[in-house]
Amino acid sequence: MRAYIGLGSNLADPVEQVKTAISHLQQLPDSELIAWSSLYASPPMGPQDQPDYINAVVEVKTTLTALQLLDALQAIEQQQGRIRNRHWGERTLDLDVLLYGQEVIDDARLQIPHPGLALRAFVLYPLAEIKPDLTVPNLGQIQQLLQNCPQDSLRKLEKIVL
Ligand code: ROI
């Protein structure tokens, strides 16, 4: 299955957090890292009294189930010392399963496609960078989603070298 994972950080050297997380994602069991986007910087969605975020999206080919993948991502978050206090507040590392093939999943622990996908430039633009012809289940063509989601203050930074 092809899965797309969103990464975000705004604490404890966010660029390093995201780079480290991508190298951890290279080590996922039963999986292969296929593609990764550039890093992007954006102001926080949510409370404004927190630092800007660094975001990226990666594509993995995996035989893990969606819930096994979620467990593996949560283990990486914990390994990188995830702290999260308030709702929509700052965090050292957030890893989200955005898409899992063309599956629609509505589980207590996991909703796929990720519910915020279509409204979040910091997810859509890096996703479109690595998969410009993507069709998102329930939502349609990614190019159409981009047209309805202004890039605003999203800034494209460097592409990581692994
Ligand atoms: N805002 C930005 N810009 N990037 C994120 O990754 C992000 N993640 C979140 C909330 C708090 C919604 N805001 C964000 O979880």
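Here are a few questions and answers about the ligand site and two backbone features of this predicted model.

Me: Before we start, what pLDDT do local features need?
Reply: Residues are numbered from 1 along each chain as its sequence is written, and side-chain values use heavy atoms, leaving out hydrogens and water. Totals for chains, interfaces and linings use all residues, side-chain atom pairs count only at pLDDT 80 or more, and local features need pLDDT of at least 70.

Me: Which residue has a polar side-chain atom 2.7 Å from an oxygen atom of the ligand?
Reply: Happy to look! Surrounding the ligand (a heavy atom within 4 Å) are residues including Y53, W88 and R120. Polar contacts here are pairs of N or O atoms within 3.5 Å. Backbone N or O atoms approach ligand nitrogen atoms at P43, 2.9 Å away, and at M45, 2.8 Å away, while the side-chain contact to a ligand oxygen comes from N55.

Me: How much of the ligand's exposed area does the protein bury?
Reply: Accessible area comes from the Shrake-Rupley method with a 1.4 Å probe. Taken alone, the ligand exposes 350 Å², and the buried share of that is 96%.

Me: Where is D13, with its positive phi?
Reply: D13 is not a glycine, yet its phi is about 65°. Helices (H or I, at least four residues) and strands (E, at least two) are DSSP runs, numbered from the N terminus. D13 lies in the loop between β1 (2–9) and α1 (14–25).

Me: Which peptide bond is cis?
Reply: Look at P113, in the loop between β7 (111–112) and α3 (121–130). With omega near 0°, the cis bond runs from I112 to P113.

Technical notes. Polar contact = N/O pair within 3.5 Å; in protein donor to acceptor, adjacent residues only side chain to side chain.
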